[in-house]
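Good morning, and thank you for joining this short presentation. Please look at the structure as it appears, and I shall then take you through one helix and its surroundings.

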Amino acid sequence: MFISRFLTFVIFFVTSAVSTAGDVSILLEKSQKGVWSVSYSSLVPVKQLSFKRSPDNSRKNRWMSLSDTFRFDYDGNIEKVSRIDGKPFKRVTFQLKATYISLPKEYAPFSPYTDGGVLLHTGRFFACAEICLPEYNEWSIEVQSAKSDNIIVRGRIYTEKAKWLDGDEGIKVYVGRAIPQNESSFVSVIDENLPEELKTQISSQLPLLMNFFSLNMGKLEYRPALFASYSSTDDGTYGHQGGAIPGQMFMHWYGSKAIEEINSDEVFWFFSHEVAHLFQREGANINDLKDQWLHEGGAEFFAGKAMEHFTNDSDIFQQKLEAAHKSCLSALDEGGGYAEISRRNPKLHYSCGMSIFSAIDEGLSKNSGINIYKLWSLYNKRVASGNPAGALTFIAVAKPYLPDGLTSSLYEFSSSSEVDLLRFFSEMSKL
């Protein structure tokens with residue numbers, strides 16, 4: 001949870017034992033010359049370090065060991081570090097490339113700002129002694145930088161160093177000279193070299209979106225932070241990445257063409273989707289991969305509702321829905337179950353999920369006195385009371401308010417992942 005009042009020029013230490021993640025602590029350090037490194041220290045000698053999340057083997061190409069004695073291994077699922085001679089070790093340090101990299105279904109470790117600042121994603125640096133067991137979810141992290149830099153951790157500003165216990169997906173940590181701008185509904189660190197039109201759009205539209213979702217889904221108990229950054233590229237690549245984790249929303253554009261091709265409607269949808277994630281609260285903390293359609297498809301549908309509200313025009317929303325139907329059905333025509341297909345193509349959680357939410361919204365409008373926002377609120381309460389976040393809990397909450405046929409199809413889809421059910425949802429949402 002974010003603390004709304006900022007504390008400046010403070011050094012923050014957590015006096016606690018080293019994390020339970022295999023007794024490994026993490027130090028991220030920025031040198032006086034602006035070079036980043038990460039060091040891992042273990043209480044006892046280990047044969048290897050394993051990274052908590054490894055969508056690919058890019059660390060091997062981007063992390064340079066400060067000695068020639070270590071190597072990376074990747075088995076297609078887990079990335080590991082060990083000594084070449086096989087001997088145990090207690091500490092290893094790598095020099096890092098603090099540039100943006102697009103990772104599959106993973107946030108970049110660095111989102112640079114044009115003034116030299118960076119936004120770190122701590123989850124990219126989680127590592128365990130030997131192997132990461134499922135119960136390992138706590139890491140001791142320290143960041144050190146120059147006195148002239150601010151280190152922003154969970155809404156507080158520190159200088160020189162900050163140390164805390166981290167976990168879950170990790171958090172975003174800003175390191176640089178910028179000072180957050182305080183808004184009524186959020187705080188922000190926005191890259192000064194983003195186009196003026198985009199900065200104006202952020203400052204004007206985000207308060208409206210925060211108010212819209214507060215009215216429909218309940219006011220947040222904290223003030224979230226927004227980070228918006230831009231970096232150039234040398235190879236002509238361009239694009240953007242955004243996301244939301246508890247208390248934080250972030251957007252990064254990379255490559256000059258990404259700035260040149262900014263479409264105000266697409267940016268608004270992008271903002272709406274990420275703000276919706278903040279308001280999904282506990283219900284978005286879904287562990288089962290096949291259930292990811294619930295919060296991603298939900299955020300897409302809520303973004304459409306926001307677009308419809310602020311433009312007083314349903315055309316863009318309907319175009320997005322039609323595109324989602326086509327994208328979903330086209331992928332599902334390959335055959336196989338949804339769980340299998342979406343594992344190969346995670347973007348289906350957005351398109352197919354949006355189709356499912358459209359069908360649910362139609363069902364609510366015809367058979368119930370509640371709307372899709374109230375349904376999500378009831379689902380959140382069920383999760384907060386101890387039920388697992390996921391499709392089965394959501395469907396159980398929705399059951400009294402939906403036609404029996406739709407509820408049965410939702411249950412069948414959740415348990416069997418039959419492709420034909422997705423076709424049914426897509427067709428029903430067009431009614």
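I begin with helix H9, residues 372-384 (helices, H or I of at least four residues, are DSSP runs numbered from the N terminus). At 1.5 Å a residue, its 13 residues should span 18 Å, and because the end C-alpha atoms are 18 Å apart, the two values agree; the expected span is 1.5 Å times one less than the number of residues.

This is a predicted model, in which local features need pLDDT of at least 70 and side-chain atom pairs count only at pLDDT 80 or more, while totals for chains, interfaces and linings use all residues. Residues are numbered from 1 along each chain as its sequence is written, and side-chain values use heavy atoms, with hydrogens and water left out.

Which residues of H9 are buried? They are Ile372, Tyr373, Leu375, Trp376, Tyr379, Asn380 and Val383, where buried means under 20% relative accessible area, exposed over 50% and partly exposed in between (1.4 Å probe, protein chains only). They cover an arc of only 155° around the axis, which puts them on the same side of H9; the arc is taken from the directions from the helix axis to the C-beta atoms. Lys381 and Ala384, on the other side of H9, are exposed.

After H9 comes Gly386, with a positive phi near 125°.

Finally, consider Ile360. Setting aside neighbours within four places in sequence, Ile360 is in contact (heavy atoms within 4.5 Å) with Ile372, Leu375, Phe394, Leu402, Leu406 and Leu410.

Key
Helix = DSSP H or I, 4+ residues; strand = E, 2+ residues; numbered from the N terminus.
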